[in-house]
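Me: Please take a close look at one part of this structure for me, and go through it slowly enough that I can follow each residue on the screen.

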Amino acid sequence: MSAPDPVEWAKIAPHPGDHDLPAGRHELHRGRLLAAIAQEPRTRRRAFVSVRPALAAAALVVVVAGIGGGFATRFGDAPPAARPSPEASRPAARPAPPGTAAKNRGYGTVRQLTDTADLVVRGEMTSVTDGRAVYRVAEVLYRAPGASVPTEIMVAAEPAGAAARPTVLYLGLVDPGAGVYHPLGGEFGIFDLAGETATSRSPAMSVTGLRTEDATAAGRAFVTTLAELRQLARERR
């Protein structure tokens, strides 16, 4: 079957646009078209506005999730090991070797004085030369191993007491080259003698016992005997 001729086909089925619409139908369709065109931007704007809160909410969820992850990492059950502080990483300081500074302190008992002293002697001061007292040694109660003890030693002048006053001194060596000594703890290491009785030089700087401290004796001069001082010196030997 051959295709119909276009001219004949146009006569049979004319183009819809060629037909006239009823009266008033053109205005109806035109009004609907204009209304649809006017409605389309408003619909798009409303859709765009409704999307923005959703995007903001999604962004907030992401931020909160990130912060939560950070807190979980920082405060979790297995936190990273903290770095040691510089103070903790430093080696412990070694105690200072026993010397003059370590011996120049307060003492609570005669035993502490005896165990610390380089020399314990009985004697008296004879003179002062160049700020130092010449001390005549009458008896050596204790001396450090290998230390030589002449009949006279040099002692700091001020704490040595008045000339010709018998004393027992607990001494530390402060100048080995010159052989100069100093009473331990200042007046802690000085006992004045009256016969066989030994009394600490200063009530404020005094031991409170022979072998153990006595808190009730604080602030008073300690009194003992020369025999007790000798016994403690023998115990150290």
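Reply:
**Strand β1, its partners and the charged pairs**

Strand β1 and strand β4 (residues 167–175) pair in the antiparallel sense over five bridges, where pairing requires that DSSP finds at least two bridges between two strands, and where strands (E, at least two residues) and helices (H or I, at least four) are DSSP runs numbered from the N terminus. This is a predicted model, in which local features need pLDDT of at least 70, side-chain atom pairs count only at pLDDT 80 or more, and totals for chains, interfaces and linings use all residues. Residues are numbered from 1 along each chain as its sequence is written, and side-chain values use heavy atoms, with hydrogens and water left out.

Within the pairing of β1 with β4, Gly 123 stands opposite Thr 167. Strand β1 (residues 119–129) also runs antiparallel to strand β2 (residues 132–143), to which 10 bridges join it, and here Val 128 faces Ala 133 of β2. Two residues lie between the strands of this hairpin, where Asp 130 takes a positive phi near 50 degrees. As background, side chains in a regular strand alternate between the two faces of the sheet.

The β1 and β2 strands are also linked through charged side chains. Arg 136 and Glu 124 meet in a salt bridge at 3.6 Å, N to O, the term meaning a side-chain nitrogen of Lys or Arg within 4 Å of a carboxyl oxygen of Asp or Glu. This pair links distant parts of the chain, with Arg 136 in strand β2 and Glu 124 in strand β1, 12 residues apart. Arg 136 is partly exposed because its relative accessible area is 39%, and Glu 124 falls in that class because its value is 26%; buried means under 20%, exposed over 50% and partly exposed in between, with a 1.4 Å probe and protein chains only.

A further salt bridge brings Asp 192 and Arg 165 together at 3.0 Å, N to O. Asp 192 belongs to strand β6 (residues 190–194) and Arg 165 to the loop between β3 (152–156) and β4, so the pair, 27 residues apart, links distant parts of the chain. Asp 192 counts as buried because its relative accessibility is 11%, whereas Arg 165, at 37%, counts as partly exposed.

From Asp 192 one can move on to Thr 199, since Asp 192 is among the contacts (heavy atoms within 4.5 Å) that Thr 199 makes beyond its neighbours within four places in sequence, the others being Ile 190, Phe 191, Ala 221, Phe 222 and Val 223. Thr 199 sits in strand β7 (residues 197–200) and counts as partly exposed because its relative accessibility is 25%. Thr 199 and Phe 222 are 23 residues apart along the chain, yet their C-alpha atoms are separated by 5.7 Å.

Past β7, Arg 211 and Glu 235 meet in a salt bridge at 2.7 Å, N to O. Arg 211 lies in the loop between β7 and β8 and Glu 235 in helix α6 (residues 226–236), so this pair ties together parts 24 residues apart in sequence. Arg 211 counts as partly exposed at 37% relative accessibility, and Glu 235 likewise at 36%. The structure holds eight salt bridges, and a network of them links Arg 122, Glu 139, Glu 196 and Arg 230.
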